[in-house]
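Me: I'd like to go through this one with you and ask what stands behind each label. Here it is.

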Amino acid sequence: MKNYVRFEFQSLPENVSFARACVGAFATQIECTLEEIEEIKLVVSEAVSNCIIHGYENRPHEKVVVVAAIINDQTMEIMVEDYGKGIADIKQAMEPSFSSDPTRMGLGFSLMKSFMDELEVISQPGQGTSVKLKRCFQANTKEALA
Amino acid sequence: MEVELKQIRNTLFVRVQGEMDMVVAEKLRQEIDRKLETKKICNLVINLEKVTFIDSSGLGVIIGRYKKIAGWGGKMFIVGARPSVYKILMFSGINRLVPMYNNEQDIINI
């Protein structure tokens with residue numbers, strides 16, 4: 001089965017739960033467990049939070065976050081994009097415990113890497129950031145959703 | 001989010017309900033810190049029995065409160081984390097700093 005969703009929303013913290021719930025609901029079209037859906041919701045939450053906190057530095061006025069997800073049989077790809085400040089040093093940003101905000105733990109990219117098979121970050125200062133996540137699920141686990 | 005704060009002697013019990021993401025984390029941080037600023041609190045117990053989801057923003061609030069509590073020599077505990085939440089707590093390494101128990105009674109029995 002192939003399917004695709006794409007949506008955008010204002011860069012508000014209140015929309016993080018909306019984004020992860022949408023992608024989590026979309027992921028139920030794949031044969032996967034509830035635990036795996038929770039992991040999808042977690043990585044979306046991390047990626048969208050990054051857009052709001054770091055990409056737009058908590059300035060929500062007229063700022064947009066775009067989320068897209070593609071299902072291709074047992075593979076799910078997720079793209080989360082902002083048009084904010086971008087990342088100067090992607091390698092440093094992806095290091096465990098690194099955060100540009102000292103009050104945060106810097107676990108976002110570590111969680112994304114841990115729960116997805118592939119993580120790609122495309123960014124340039126002033127040009128926004130695009131995070132692409134990919135995961136292939138084992139089939140025949142649908143009974144876990146019953 | 002619903003949060004219930006209850007003080008018993010010098011220990012603050014915080015019972016959280018819902019999803020601990022960046023919205024909830026900020027509200028929770030403010031409510032706990034307001035109580036901690038009274039200087040009458042030494043220890044902190046965070047009850048996650050009714051928390052259905054946690055991300056790094058939620059983890060950040062817990063670790064931030066741990067730093068405060070540890071700063072004045074107090075103790076902090078996490079209780080009741082369900083498996084999906086427990087898994088994220090373990091991933092973060094918080095369990096190495098903050099002891100985790102099944103329920104509040106387990107702490108009272110220590």
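Me: What makes a residue part of the contact, and how many does each chain give?

Reply: Two residues are in contact if their C-beta atoms, placed from the backbone, lie within 7 Å. The contact takes 18 residues from chain A and 15 residues from chain B. This is a predicted model, where local features need pLDDT of at least 70 and side-chain atom pairs count only at pLDDT 80 or more, while totals for chains, interfaces and linings use all residues. Residues are numbered from 1 along each chain as its sequence is written, and chains are lettered from A and ligands numbered from 1 in the order in which they are written.

Me: Which elements give two or more residues to chain B's side?

Reply: Helices H1 (22–36), H2 (56–71) and H3 (83–92) of chain B; helices (H or I, at least four residues) and strands (E, at least two) are DSSP runs, numbered from the N terminus. H2(B) gives the most, six residues. By class, that side has six nonpolar, six polar and three charged residues, with Ala, Val, Leu, Ile, Met, Phe, Trp, Tyr, Cys and Pro as nonpolar, Asp, Glu, Lys and Arg as charged, and the others, Gly among them, as polar.

Me: Why is Lys35(B) called partly exposed?

Reply: Buried takes 20 or more other C-beta atoms within 10 Å of the residue's own, exposed 12 or fewer, and partly exposed is in between, with C-beta atoms placed from the backbone. Lys35(B) has 15, so partly exposed is the label. Lys35(B) sits in helix H1 of chain B, and touches Leu5(B), Leu12(B) and Ile41(B), leaving aside residues up to four places away in sequence.

Me: How do you know that S2(A) and S3(A) pair?

Reply: DSSP has to find at least two bridges between two strands. S2 (residues 64–72) and S3 (residues 75–82) of chain A have eight, in the antiparallel sense, so they pair. One of the bridges joins Ala68(A) to Met79(A). In their hairpin, with two residues between the strands, Asp73(A) takes a positive phi near 55°.

Me: What makes S5(A) a partner of S3(A)?

Reply: Again there are eight bridges in the antiparallel sense, now between S3(A) and S5 (residues 129–136) of chain A. Glu77(A) stands opposite Lys134(A) in S5(A).

Me: And what is the angle between H1(A) and H2(A)?

Reply: The axes of H1 (residues 14–27) and H2 (residues 34–55) of chain A cross at roughly 145° and come within 8 Å. Axes are lines fitted to C-alpha atoms, for helices over the stretch in contact, and angles run from 0 to 180 degrees between N-to-C directions.
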